[in-house]
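Subject: The structure I promised you

Hi,

Here is the structure we talked about, with a few notes on what turned up in it. Open it in your viewer and keep it beside you while you read.

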Amino acid sequence: NQFVVMMRKQWYQRRVRGPGGGLMFTTINRTVQSWLFGIVIAEHVAGLVPPGTHDYHKLVPPNELTGAIADCGFDIMTLTGLQFNPLTRQWSTSSDMSINYAVTAIKRHPEDTANEDD
């Protein structure tokens, strides 16, 4: 959803102005798996979160989020999947980003951005 990405870009630019500043996002991917497990099961079957918590159309795939972050002058440091175990109620990292994922990024120094045009 381009509107959501645009709004997030404006937020990034306002919140982290100084070089070396960091961002971390955890969010839900926009896939069939995330709809099934993150919305149908988590909201309506298991009751892990209240119904209506997630709007599938507002979910952002990793490529859209990392692109928006990079466009705002950040270098992506990590991009990893997250998995929730409902039996232990614990989160862990994973190579699978089909449902949940995390991104960390660091604000570039202006001289680093200027050198990209070379």
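Let's start with a question: leaving aside its neighbours within four places in sequence, which residues is M97 in contact with? Keep that one in mind while we get our bearings.

One thing to know before anything else: this is a predicted model. All the values below were computed from it.

**The overall layout**

The protein has four helices and four strands. If you walk along the sequence, they come in the order α-β-α-α-β-β-β-α. Of its 118 residues, 33% count as buried. Now take the contacts with a separation of 6 or more: residues 24 or more positions apart account for 67% of them.

**Back to M97**

You'll find M97 in the loop between β3 and β4 (100-107). Once those sequence neighbours within four places are set aside, M97 is in contact with N29, L79, T80 and G81. Pick out L79 from that list: it is 18 residues from M97 in sequence, and the two are 8.8 Å apart in space, C-alpha to C-alpha.

Is M97 buried, exposed or partly exposed? Its relative accessible area is 24%, and buried would need a value under 20%, so M97 counts as partly exposed.

**How the strands pair up**

Strand β4 is a good one to colour first. Strand β1 (residues 22-28) runs antiparallel to β4, and seven bridges join the two. As an example, T26 has A102 in β4 as its bridge partner. β2 is also antiparallel to β4, with eight bridges between them, and here L82 stands opposite N100 in β4. β4 is mostly covered, too: six of its eight residues are buried.

β2 has another pairing, with strand β3 (residues 90-94), again antiparallel and over five bridges. In this case N85 has Q90 in β3 as its bridge partner.

**A turn with an odd angle**

Which residue takes a positive phi in the hairpin of β2 and β3? It's R89, and the hairpin has four residues between the strands. R89 lies in the loop between β2 and β3, and its phi is near 60°, a positive value in a residue other than glycine. That is worth a second look because most residues other than glycine have a negative phi. As for its surroundings, R89 has a relative accessible area of 53%, and the cut-off for exposed is over 50%, so R89 is exposed.

There is a positive phi at a glycine as well: G73, which follows α3, has a phi near 90°.

**The pocket**

Next, look for the largest pocket, which has a volume of about 460 Å³. It is lined by 19 residues, and the closest to its centre are F37, L48, F84, W91 and N100. Two elements give two or more residues to the lining, namely α2 (32-45) and β2 (74-85). Which element gives the most? That would be α2, with four residues. Sorted by class, the lining has 12 nonpolar, five polar and two charged residues.

You've already met one of the central residues: N100 is the residue that L82 stands opposite in β4.

**Two rings to find**

The count of aromatic pairs comes to one. The partners are F84 and W91, with 5.0 Å from centre to centre and 45° between the planes, so the pair is tilted, as that angle is neither under 30 degrees (stacked) nor over 60 (edge-to-face). Both F84 and W91 are also among the residues closest to the centre of the largest pocket. With a relative accessibility of 28%, F84 counts as partly exposed.

**Two last stops**

In helix α3 (residues 62-71), the buried residues are P62, E64, L65, T66, A68 and I69. Set that list beside a general point: an α-helix has 3.6 residues a turn, so residues three or four places apart point the same way.

Finally, find A46 in the loop between α2 and α3. A46 has a relative accessibility of 45% and counts as partly exposed. Then find P86: A46 and P86 are 40 residues apart along the chain, and their C-alpha atoms are separated by 8.9 Å.

Have fun with it!

Notes:
Residues numbered from 1 in each chain as written. Predicted model: local features only at pLDDT ≥ 70, side-chain atom pairs only at ≥ 80, totals over all residues. Heavy atoms only, no water. Phe/Tyr/Trp six-rings, centres within 6.5 Å; stacked < 30°, edge-to-face > 60°. Buried < 20%, exposed > 50% of the residue type's maximum accessible area, 1.4 Å probe, protein only. 1 Å grid on protein atoms, 1.4 Å probe; cavity = no way out; pocket = protein on both sides within 12 Å on 5 of 7 lines; lining within 4 Å. Points joined across faces, edges and corners; volume = space filled by probe spheres on them. Nonpolar A, V, L, I, M, F, W, Y, C, P; charged D, E, K, R; others polar. Pairing = 2+ DSSP bridges. Contact = heavy atoms within 4.5 Å.
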